[in-house]
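Here's a walk through one protein chain, starting from a single loop residue and working outwards. Have the viewer open as you read.

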Amino acid sequence: MDGQNRRRMSRRMGIVGVVAGLGAAGVGVAVGARKIAVGRVRLRPDPDAHEPFGRLRGKPVKVLADDGVPLHVEIDGQDDAPLTVVFCHGYALNQDAWHYQRRDLPGVRTVFWDQRSHGRSGRSKPTHATIDQTGADLYAVLRATVRPGDPVVLVGHSMGGMSIMALADRHPDLFGDQVLGVALINTSGGGLSEITLGLPLVVAKLVRPLTPGLVRNLGRRAEIVDRTRRVGADIAFMLIRRMGFADKNVSPTVVDFVEEMIRATPIDVIAEFYPGFMTHDRLGSLAVVGRVPALVLAGGDDRLTSAAQGHAIAEAIKGAEMIEVPEAGHLLPLEYPGIVTRALRQLIARVHPRSEERSA
């Protein structure tokens, strides 16, 4: 090897060494930071420490999507209840993300389901990992769990809200006939390609073009990445705490619970769904949603689906009630469950007073 090649190789190895060193330092800092953060929080009572996250279960029902993918659905409450509330969870989560609402809405018949390739539902073909398809899946869930003509309220968080918008596109006749109310939480009608993740705008503009390729490449190395994710749980804890929540005093038990749900979602599933979010544009479907009472909730410090996107949704839905929680992030149902549950109770009372009387 001549001198020039040796120098070139030395530079490459030096760069690799620096990256590896920074990575190792990052792990050490993150692990230490998590221990400090958790330690500080544990100095005061943690009301969520003994909460049975992931252990609230209903009557299981298997629903086949129109392409044959089995969807895991659970039903709580009596079949003769006057109203059914169907909950649609967000990206990389599962139905257990509705833990507090499931716990605190007794007396109402509730349906929870895992989106395709999430939770206990079956894996989708990559080409079917789309919002159009999750809207069709929601229609299959409704047909399987609610009798024709029985009233329904739809509740969607993040990707779940987008699934409701896709349902409105495909089946507008349901809204005002069977669907009597809609709640959209931390979601977007479009424009997600412009998100900044809380970064300065100049930095965000530099990062945006790189993100789709990065996510795609991670998906191609799913087995390696998923092993790394297990090792890097402490780093994930810190990232989720920062990106998902705004409340600095959020329970570490809740953050751990979210980290477990995200880690259980294979990286190739995350990669398959990601492009659909960047092209998602459903503001036009919101006129259909506006046929019924609608509730929009947003977090003032949401880094993923900004409060501005929530306001844009509310403006597109005639008569929608808009609730912005100023010091909240992207995981409102877990960060401020009392606000979310109370707002849902009020929506239920608006569309079907008898149901609220039974759940009170």
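Let's start at S158, which sits in the loop between β5 (152-157) and α4. Keep in mind that this is a predicted model. S158 has 8% relative accessibility, so it counts as buried, the cut-off being 20%. What does S158 touch, leaving aside its neighbours within four places in sequence? The list is G90, I185, N186, T187 and H330. N186 deserves a second look: S158 and N186 are 28 residues apart in sequence, yet their C-alpha atoms are 5.2 Å apart in space.

**Two residues with positive phi**

N186 belongs to the loop between β6 (179-185) and α5 (201-207). N186 has a positive phi of about 45° although it is not a glycine. As background, most residues other than glycine have a negative phi. A92 also breaks with that habit, with a positive phi of about 70° and no glycine to excuse it. You'll find A92 in the loop between β3 (84-88) and α2 (99-104). Both are buried: N186 has 1% relative accessibility, and A92 has a relative accessible area of 7%.

**From β5 over α4 to β6**

Just past S158 comes helix α4, residues 159-170. Is α4 enclosed or open to the outside? Of its 12 residues, 10 are buried, so the helix is largely enclosed by the rest of the structure. The buried ones are M159, G160, G161, M162, S163, I164, M165, A166, L167 and A168. The length checks out too: at 1.5 Å a residue α4 should span 16 Å, and its end C-alpha atoms are 17 Å apart, which agrees.

On either side of this helix in the chain are two strands, and β5, α4 and β6 together make a right-handed β-α-β unit. β5 and β6 run parallel and are joined by six bridges, with V153 standing opposite G181 in β6. Six of the seven residues of β6 are buried, so this strand, like the helix, is largely enclosed by the rest of the structure.

A183 in β6 is a good place to zoom in. Its relative accessible area is 0%, so A183 is buried. Beyond the neighbours within four places in sequence, A183 is in contact with L154, V155, G156, I164, L295, L344 and L347. I164 is one of the buried residues of α4, and L295 in β7 is the residue that stands opposite A183. The C-alpha atoms of A183 and F87 are separated by 9.4 Å, with their positions 96 residues apart along the chain.

**On to β7 and β8**

The parallel pairing carries on from β6 to β7, here over four bridges. Strand β7 (residues 294-299) pairs in turn with strand β8 (residues 321-325), again in the parallel sense, over five bridges. L297 stands opposite I323 in β8. The chain gets from β7 to β8 through helix α12 (residues 307-316), and that β-α-β crossover is right-handed.

Here are the parallel pairs side by side:

| Strand pair | Bridges | Residues standing opposite |
|---|---|---|
| β5 and β6 | six bridges | V153 and G181 |
| β6 and β7 | four bridges | A183 and L295 |
| β7 and β8 | five bridges | L297 and I323 |

**Cores**

Nonpolar side chains tend to be buried together in soluble globular proteins. In this model the largest nonpolar core has 36 residues, and L138, L142, L154, F175, V182 and I317 touch the most other members. I317 is in contact with L184, L286, V289, G290, A294 and V296, again leaving aside neighbours within four places in sequence. Apart from this core lies another, of 23 residues, among them L83, W98, V155 and L332.

**A partly exposed contrast**

P70, in strand β2 (residues 70-76), has 31% relative accessibility and so counts as partly exposed. P70 touches K62, V63, L64, S121 and G122, not counting residues up to four places away in sequence. P70 and D137 are 67 residues apart in sequence and 9.8 Å apart, C-alpha to C-alpha.

**The whole chain**

Zooming out, the secondary structure comes to 15 helices and eight strands. Buried residues make up 49% of the 360 residues. Of the contacts with a separation of 6 or more, 79% are between residues 24 or more positions apart. The accessible surface is about 17,000 Å², and 57% of it belongs to carbon and sulfur atoms.

Conventions. Residues are numbered from 1 along each chain as its sequence is written. This is a predicted model: local features need pLDDT of at least 70, side-chain atom pairs count only at pLDDT 80 or more; totals for chains, interfaces and linings use all residues. Side-chain values use heavy atoms; hydrogens and water are left out. A nonpolar core is a set of buried Ala, Val, Leu, Ile, Met, Phe, Trp, Tyr and Cys residues joined through side-chain atoms within 4.5 Å. Buried means under 20% relative accessible area, exposed over 50%, partly exposed in between (1.4 Å probe, protein chains only). Contact means heavy atoms within 4.5 Å. The expected span of a helix is 1.5 Å times one less than its number of residues. Accessible areas come from the Shrake-Rupley method with a 1.4 Å probe; for residues, only the protein chains shown count as cover. Two strands pair if DSSP finds at least two bridges between them. A crossover is right-handed if, with the strands pointing away from the viewer, the path from the first strand over the helix to the second runs clockwise.
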